[in-house]
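Hi everyone, thanks for making time. I'd like to walk you through a structure that's new to most of you, so let's get it up on the screen.

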Amino acid sequence: MITAKTIEETRKAVREARAAGKEIGFVPTMGALHEGHLSLVSIAKKHADFIVMSIFVNRIQFNDPKDFDKYPRDFDKDLSLAEKAGVDMVFLPDETVMYNNPLTFVDTSSLDRYLCGASRPGHFRGVCTVVTKLFNIVQPDTAVFGQKDIQQVRIVEKMAEDLNIPVSIIIAPIRRENDGLAMSSRNIHLSNEQRKQALCLSESLQTAKKLIEKGETSTAAIIREVEAEIKKGSPDSIDYISIVSYETLEPIKTLSTKSVLAAAAFFGSTRLIDNMIITEGDSIQ
Ligand code: PAF
(Lines give C-alpha, C1' and ligand atoms only; values in the text may rest on other atoms or scores of the structure.)
Protein backbone atom coordinates (compact mmCIF):
# COMPACT_ATOMS: atom_id res chain seq x y z
CA MET A 1 0.00 0.00 0.00
CA ILE A 2 1.29 3.45 -0.91
CA THR A 3 1.15 6.15 1.78
CA ALA A 4 1.22 9.56 0.12
CA LYS A 5 1.62 12.71 2.14
CA THR A 6 1.69 15.17 -0.74
CA ILE A 7 -0.68 16.07 -3.54
CA GLU A 8 2.05 15.42 -6.14
CA GLU A 9 2.66 11.83 -4.93
CA THR A 10 -1.08 11.17 -4.86
CA ARG A 11 -1.64 12.50 -8.37
CA LYS A 12 1.34 10.53 -9.73
CA ALA A 13 0.07 7.22 -8.28
CA VAL A 14 -3.45 7.88 -9.58
CA ARG A 15 -2.06 8.80 -13.04
CA GLU A 16 -0.09 5.55 -13.15
CA ALA A 17 -3.10 3.48 -12.06
CA ARG A 18 -5.23 5.12 -14.73
CA ALA A 19 -2.55 4.55 -17.39
CA ALA A 20 -2.66 0.87 -16.41
CA GLY A 21 -6.39 0.92 -17.26
CA LYS A 22 -7.65 1.01 -13.68
CA GLU A 23 -10.78 2.77 -12.44
CA ILE A 24 -10.23 4.88 -9.35
CA GLY A 25 -12.40 4.38 -6.26
CA PHE A 26 -12.24 6.82 -3.36
CA VAL A 27 -13.13 6.57 0.33
CA PRO A 28 -12.67 9.89 2.17
CA THR A 29 -12.31 9.56 5.96
CA MET A 30 -11.08 11.41 9.00
CA GLY A 31 -9.40 8.26 10.31
CA ALA A 32 -10.29 6.47 13.58
CA LEU A 33 -11.28 3.69 11.21
CA HIS A 34 -13.86 1.12 12.25
CA GLU A 35 -15.76 -1.62 10.44
CA GLY A 36 -18.10 0.98 8.95
CA HIS A 37 -15.20 2.59 7.05
CA LEU A 38 -13.87 -0.80 6.01
CA SER A 39 -17.26 -1.68 4.56
CA LEU A 40 -16.97 1.48 2.40
CA VAL A 41 -13.68 0.08 1.09
CA SER A 42 -15.23 -3.26 0.16
CA ILE A 43 -18.05 -1.46 -1.66
CA ALA A 44 -15.49 0.73 -3.48
CA LYS A 45 -13.66 -2.41 -4.58
CA LYS A 46 -16.80 -3.65 -6.33
CA HIS A 47 -16.81 -0.53 -8.50
CA ALA A 48 -13.12 0.26 -9.03
CA ASP A 49 -9.69 -1.38 -9.22
CA PHE A 50 -7.46 1.17 -7.51
CA ILE A 51 -8.75 2.29 -4.13
CA VAL A 52 -7.61 5.54 -2.58
CA MET A 53 -8.51 6.40 1.01
CA SER A 54 -7.87 9.83 2.46
CA ILE A 55 -7.30 10.30 6.17
CA PHE A 56 -7.52 13.93 7.19
CA VAL A 57 -9.16 15.43 10.28
CA ASN A 58 -10.62 18.50 8.65
CA ARG A 59 -10.50 21.31 11.19
CA ILE A 60 -12.77 23.63 9.16
CA GLN A 61 -15.77 21.31 9.43
CA PHE A 62 -15.70 21.31 13.25
CA ASN A 63 -17.83 24.15 14.55
CA ASP A 64 -16.63 23.33 18.07
CA PRO A 65 -12.81 23.44 18.48
CA LYS A 66 -13.06 21.11 21.50
CA ASP A 67 -14.71 18.50 19.30
CA PHE A 68 -11.80 18.83 16.84
CA ASP A 69 -9.23 18.43 19.63
CA LYS A 70 -10.84 15.34 21.06
CA TYR A 71 -11.52 13.66 17.71
CA PRO A 72 -9.80 10.25 18.03
CA ARG A 73 -6.52 9.91 16.09
CA ASP A 74 -4.43 6.76 15.64
CA PHE A 75 -2.89 6.97 12.20
CA ASP A 76 -0.61 3.90 12.57
CA LYS A 77 -3.57 1.71 13.41
CA ASP A 78 -5.58 3.31 10.57
CA LEU A 79 -2.83 2.56 8.04
CA SER A 80 -2.63 -1.06 9.07
CA LEU A 81 -6.45 -1.47 8.92
CA ALA A 82 -6.57 0.24 5.52
CA GLU A 83 -3.88 -2.06 4.16
CA LYS A 84 -5.65 -5.18 5.46
CA ALA A 85 -8.89 -3.97 3.86
CA GLY A 86 -7.14 -3.80 0.48
CA VAL A 87 -6.71 -0.05 0.06
CA ASP A 88 -4.07 0.68 -2.62
CA MET A 89 -3.11 4.16 -1.49
CA VAL A 90 -3.76 6.30 1.58
CA PHE A 91 -3.55 10.04 1.12
CA LEU A 92 -2.49 11.34 4.53
CA PRO A 93 -1.87 15.07 4.19
CA ASP A 94 -1.15 17.43 7.03
CA GLU A 95 -2.92 20.75 7.39
CA THR A 96 -0.29 22.74 5.53
CA VAL A 97 -0.73 20.50 2.49
CA MET A 98 -4.51 20.96 2.49
CA TYR A 99 -4.83 24.59 3.53
CA ASN A 100 -2.44 27.36 2.63
CA ASN A 101 -4.27 30.43 3.89
CA PRO A 102 -7.37 29.63 1.80
CA LEU A 103 -9.67 32.38 0.55
CA THR A 104 -12.03 30.16 -1.38
CA PHE A 105 -14.68 27.90 0.14
CA VAL A 106 -17.50 25.77 -1.23
CA ASP A 107 -20.93 26.29 0.28
CA THR A 108 -24.35 24.75 -0.05
CA SER A 109 -27.28 27.11 -0.16
CA SER A 110 -30.26 25.39 1.41
CA LEU A 111 -29.53 21.72 1.98
CA ASP A 112 -27.88 22.52 5.30
CA ARG A 113 -30.82 24.44 6.75
CA TYR A 114 -32.20 21.53 8.79
CA LEU A 115 -30.89 18.41 10.57
CA CYS A 116 -27.19 18.60 11.51
CA GLY A 117 -26.71 21.77 9.48
CA ALA A 118 -29.04 23.66 11.81
CA SER A 119 -27.05 22.83 14.94
CA ARG A 120 -23.57 22.82 13.39
CA PRO A 121 -23.23 26.15 11.55
CA GLY A 122 -20.43 26.09 8.99
CA HIS A 123 -20.03 22.31 9.21
CA PHE A 124 -21.17 21.57 5.66
CA ARG A 125 -19.18 24.46 4.23
CA GLY A 126 -16.13 22.74 5.72
CA VAL A 127 -17.22 19.36 4.34
CA CYS A 128 -18.00 20.71 0.85
CA THR A 129 -14.69 22.55 0.71
CA VAL A 130 -12.54 19.60 1.74
CA VAL A 131 -14.46 17.09 -0.38
CA THR A 132 -14.13 19.32 -3.46
CA LYS A 133 -10.40 19.61 -2.82
CA LEU A 134 -10.08 15.85 -2.31
CA PHE A 135 -12.06 15.16 -5.50
CA ASN A 136 -9.75 17.53 -7.39
CA ILE A 137 -6.65 15.88 -5.94
CA VAL A 138 -7.71 12.24 -6.37
CA GLN A 139 -10.03 12.64 -9.40
CA PRO A 140 -11.90 9.42 -8.61
CA ASP A 141 -14.42 7.72 -10.88
CA THR A 142 -16.41 6.59 -7.86
CA ALA A 143 -16.55 7.81 -4.26
CA VAL A 144 -18.26 5.97 -1.40
CA PHE A 145 -19.93 7.76 1.52
CA GLY A 146 -21.75 6.18 4.47
CA GLN A 147 -25.50 6.59 4.89
CA LYS A 148 -24.96 7.34 8.57
CA ASP A 149 -24.08 10.90 7.55
CA ILE A 150 -27.13 11.12 5.30
CA GLN A 151 -27.15 14.92 5.04
CA GLN A 152 -23.49 14.87 4.03
CA VAL A 153 -24.21 12.29 1.31
CA ARG A 154 -27.09 14.29 -0.13
CA ILE A 155 -25.10 17.54 -0.04
CA VAL A 156 -22.06 15.93 -1.69
CA GLU A 157 -24.28 14.35 -4.38
CA LYS A 158 -25.86 17.71 -5.19
CA MET A 159 -22.52 19.51 -5.02
CA ALA A 160 -20.96 17.07 -7.51
CA GLU A 161 -23.96 17.58 -9.80
CA ASP A 162 -24.00 21.39 -9.48
CA LEU A 163 -20.24 21.78 -9.93
CA ASN A 164 -20.03 19.17 -12.71
CA ILE A 165 -17.55 17.03 -10.84
CA PRO A 166 -17.33 13.78 -12.84
CA VAL A 167 -17.63 11.32 -9.98
CA SER A 168 -20.33 8.85 -9.18
CA ILE A 169 -21.38 8.89 -5.52
CA ILE A 170 -22.28 5.60 -3.89
CA ILE A 171 -24.17 5.38 -0.60
CA ALA A 172 -23.06 2.57 1.70
CA PRO A 173 -25.58 1.20 4.23
CA ILE A 174 -25.13 1.99 7.92
CA ARG A 175 -22.97 -0.58 9.73
CA ARG A 176 -24.29 -1.45 13.16
CA GLU A 177 -22.96 -3.20 16.23
CA ASN A 178 -24.75 -6.47 17.10
CA ASP A 179 -27.15 -4.62 19.39
CA GLY A 180 -28.05 -2.07 16.70
CA LEU A 181 -25.89 0.95 17.64
CA ALA A 182 -24.69 2.68 14.46
CA MET A 183 -20.89 2.44 14.20
CA SER A 184 -19.19 5.77 14.72
CA SER A 185 -15.71 6.99 15.58
CA ARG A 186 -17.36 8.90 18.41
CA ASN A 187 -18.71 5.78 20.15
CA ILE A 188 -15.39 5.35 21.99
CA HIS A 189 -16.20 8.48 24.01
CA LEU A 190 -19.28 6.81 25.56
CA SER A 191 -19.16 5.43 29.10
CA ASN A 192 -20.66 1.94 29.58
CA GLU A 193 -23.85 3.53 30.85
CA GLN A 194 -24.08 5.99 27.92
CA ARG A 195 -23.33 3.16 25.47
CA LYS A 196 -26.47 1.37 26.76
CA GLN A 197 -28.55 4.55 26.72
CA ALA A 198 -27.49 5.30 23.13
CA LEU A 199 -29.31 2.20 21.89
CA CYS A 200 -32.51 4.22 22.11
CA LEU A 201 -31.59 5.86 18.78
CA SER A 202 -31.58 2.67 16.71
CA GLU A 203 -34.51 1.30 18.71
CA SER A 204 -36.54 4.40 17.92
CA LEU A 205 -35.95 3.76 14.21
CA GLN A 206 -37.28 0.23 14.63
CA THR A 207 -40.40 1.67 16.27
CA ALA A 208 -40.85 4.02 13.33
CA LYS A 209 -40.29 1.20 10.86
CA LYS A 210 -43.10 -0.85 12.43
CA LEU A 211 -45.47 2.14 12.39
CA ILE A 212 -44.71 2.89 8.74
CA GLU A 213 -45.14 -0.75 7.79
CA LYS A 214 -48.60 -0.59 9.38
CA GLY A 215 -49.39 2.29 7.03
CA GLU A 216 -48.66 5.42 9.08
CA THR A 217 -47.73 8.30 6.77
CA SER A 218 -48.15 11.30 9.10
CA THR A 219 -44.65 12.48 10.02
CA ALA A 220 -45.92 14.17 13.21
CA ALA A 221 -47.32 10.83 14.42
CA ILE A 222 -44.09 9.00 13.59
CA ILE A 223 -41.92 11.66 15.24
CA ARG A 224 -44.06 11.49 18.40
CA GLU A 225 -43.39 7.77 18.77
CA VAL A 226 -39.70 8.15 17.93
CA GLU A 227 -39.34 10.86 20.55
CA ALA A 228 -41.03 8.71 23.21
CA GLU A 229 -38.65 5.84 22.39
CA ILE A 230 -35.55 8.07 22.47
CA LYS A 231 -36.59 9.53 25.80
CA LYS A 232 -36.61 6.00 27.27
CA GLY A 233 -32.81 6.10 26.87
CA SER A 234 -32.62 9.36 28.89
CA PRO A 235 -30.19 11.17 26.58
CA ASP A 236 -28.76 14.37 28.02
CA SER A 237 -30.58 16.20 25.24
CA ILE A 238 -32.25 15.54 21.92
CA ASP A 239 -30.81 17.74 19.19
CA TYR A 240 -33.45 16.93 16.56
CA ILE A 241 -35.86 14.33 15.28
CA SER A 242 -36.95 15.13 11.73
CA ILE A 243 -38.51 13.61 8.71
CA VAL A 244 -37.39 15.33 5.53
CA SER A 245 -37.63 14.86 1.81
CA TYR A 246 -34.44 13.16 0.54
CA GLU A 247 -34.38 15.55 -2.41
CA THR A 248 -34.57 18.88 -0.57
CA LEU A 249 -33.79 17.84 3.03
CA GLU A 250 -36.75 19.97 4.11
CA PRO A 251 -39.27 18.75 6.71
CA ILE A 252 -42.41 17.16 5.27
CA LYS A 253 -45.85 16.52 6.75
CA THR A 254 -46.58 13.25 4.96
CA LEU A 255 -44.10 10.60 3.85
CA SER A 256 -43.11 11.23 0.24
CA THR A 257 -41.53 9.10 -2.47
CA LYS A 258 -38.15 9.16 -0.77
CA SER A 259 -37.96 10.47 2.77
CA VAL A 260 -35.40 10.40 5.55
CA LEU A 261 -36.08 9.99 9.26
CA ALA A 262 -33.05 11.32 11.13
CA ALA A 263 -32.29 11.95 14.78
CA ALA A 264 -29.41 13.33 16.83
CA ALA A 265 -28.98 13.26 20.59
CA PHE A 266 -26.32 13.92 23.17
CA PHE A 267 -25.11 11.27 25.59
CA GLY A 268 -22.88 13.24 27.92
CA SER A 269 -20.98 15.52 25.56
CA THR A 270 -21.03 12.96 22.75
CA ARG A 271 -23.44 13.75 19.97
CA LEU A 272 -24.69 10.69 18.08
CA ILE A 273 -26.78 10.53 14.93
CA ASP A 274 -28.79 7.83 13.22
CA ASN A 275 -31.24 7.69 10.33
CA MET A 276 -33.36 5.63 8.03
CA ILE A 277 -34.26 6.15 4.36
CA ILE A 278 -37.92 5.44 3.61
CA THR A 279 -38.76 4.76 0.00
CA GLU A 280 -42.41 4.73 -1.12
CA GLY A 281 -43.43 4.04 2.46
CA ASP A 282 -42.48 0.38 2.29
CA SER A 283 -38.82 -0.19 1.50
CA ILE A 284 -36.82 1.00 4.47
CA GLN A 285 -33.02 1.12 4.80
O1 PAF B 1 -17.46 11.74 6.81
C2 PAF B 1 -16.31 12.14 7.10
O3 PAF B 1 -15.52 11.43 7.71
C4 PAF B 1 -15.90 13.55 6.69
O5 PAF B 1 -16.96 14.45 6.80
C6 PAF B 1 -15.26 13.62 5.29
C7 PAF B 1 -16.23 13.22 4.20
C8 PAF B 1 -14.04 12.70 5.25
C9 PAF B 1 -14.80 15.04 5.01
O10 PAF B 1 -13.87 15.47 5.94
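Let me start with a pair of strands. Strand β5, residues 142-146, pairs with strand β6, residues 168-172, and the two run in the parallel sense over 5 bridges. If you want one spot to look at, take Phe-145: its bridge partner in β6 is Ile-171. To get from β5 to β6, the chain goes through helix α8, residues 150-162, and this β-α-β crossover is right-handed. As for how covered β5 is, 4 of its 5 residues are buried, so we can call the strand mostly covered. I should say right away that this is a predicted model, so please keep that in mind as we go.

Now, which other strand does β5 run parallel to? That would be β2, which is joined to β5 by 2 bridges. You can find the place by looking for Phe-26, whose bridge partner in β5 is Ala-143.

Let's stay with β2 for a bit. It covers residues 24-29, and 6 of its 6 residues are buried, so the rest of the structure largely encloses this strand. Look at which way the residues point: Ile-24, Phe-26 and Pro-28 go one way, while Gly-25, Val-27 and Thr-29 go the other, and all of them are buried. β2 also has a parallel pairing with strand β3, residues 50-55, this one over 6 bridges. Here Thr-29 stands opposite Ile-55 of β3. The connection goes from β2 through helix α2, residues 35-47, to β3, and that β-α-β crossover is right-handed.

Okay, on to the ligand. Which residues sit around it? They are Pro-28, Thr-29, Met-30, Asn-58, Gln-61, Val-130, Phe-145 and Gln-152. You've already met some of those names: Pro-28 and Thr-29 came up with β2, and Phe-145 came up as the partner of Ile-171. By type, the shell splits into 4 nonpolar residues, 4 polar ones and no charged ones.

Two of the glutamines are worth zooming in on. Gln-61 has a polar side-chain atom 2.6 Å from an oxygen atom of the ligand. Gln-152 likewise puts a polar side-chain atom 2.7 Å from a ligand oxygen. And how much of the ligand does the protein cover? On its own the ligand has 290 Å² of accessible area, and the protein covers 89% of that.

Next, a residue further along the chain: Asn-275, which you'll find in strand β9, residues 270-279. Is it buried or exposed? Its relative accessible area is 1%, and since buried means under 20%, Asn-275 is buried. Its side chain has polar atoms by two backbone oxygens: the one of Gln-147 lies 2.9 Å from a polar side-chain atom of Asn-275, and for the backbone oxygen of Lys-148 the distance is 3.0 Å.

One last stop, and here we leave the buried residues. Gln-206 lies in helix α10, residues 199-213. Its relative accessibility is 44%, so it counts as partly exposed. Gln-206 and Glu-229 are 23 residues apart along the chain, and their C-alpha atoms are separated by 9.7 Å.

That's the tour, so over to you.

Conventions: Residues numbered from 1 in each chain as written. Predicted model: local features only at pLDDT ≥ 70, side-chain atom pairs only at ≥ 80, totals over all residues. Heavy atoms only, no water. Near = heavy atom within 4 Å. Polar contact = N/O pair within 3.5 Å; in protein donor to acceptor, adjacent residues only side chain to side chain. Areas by Shrake-Rupley, 256 points an atom, 1.4 Å probe, with all protein chains shown as cover. Nonpolar A, V, L, I, M, F, W, Y, C, P; charged D, E, K, R; others polar. Buried < 20%, exposed > 50% of the residue type's maximum accessible area, 1.4 Å probe, protein only. Pairing = 2+ DSSP bridges. Right-handed = clockwise from strand over helix to strand, strands pointing away.
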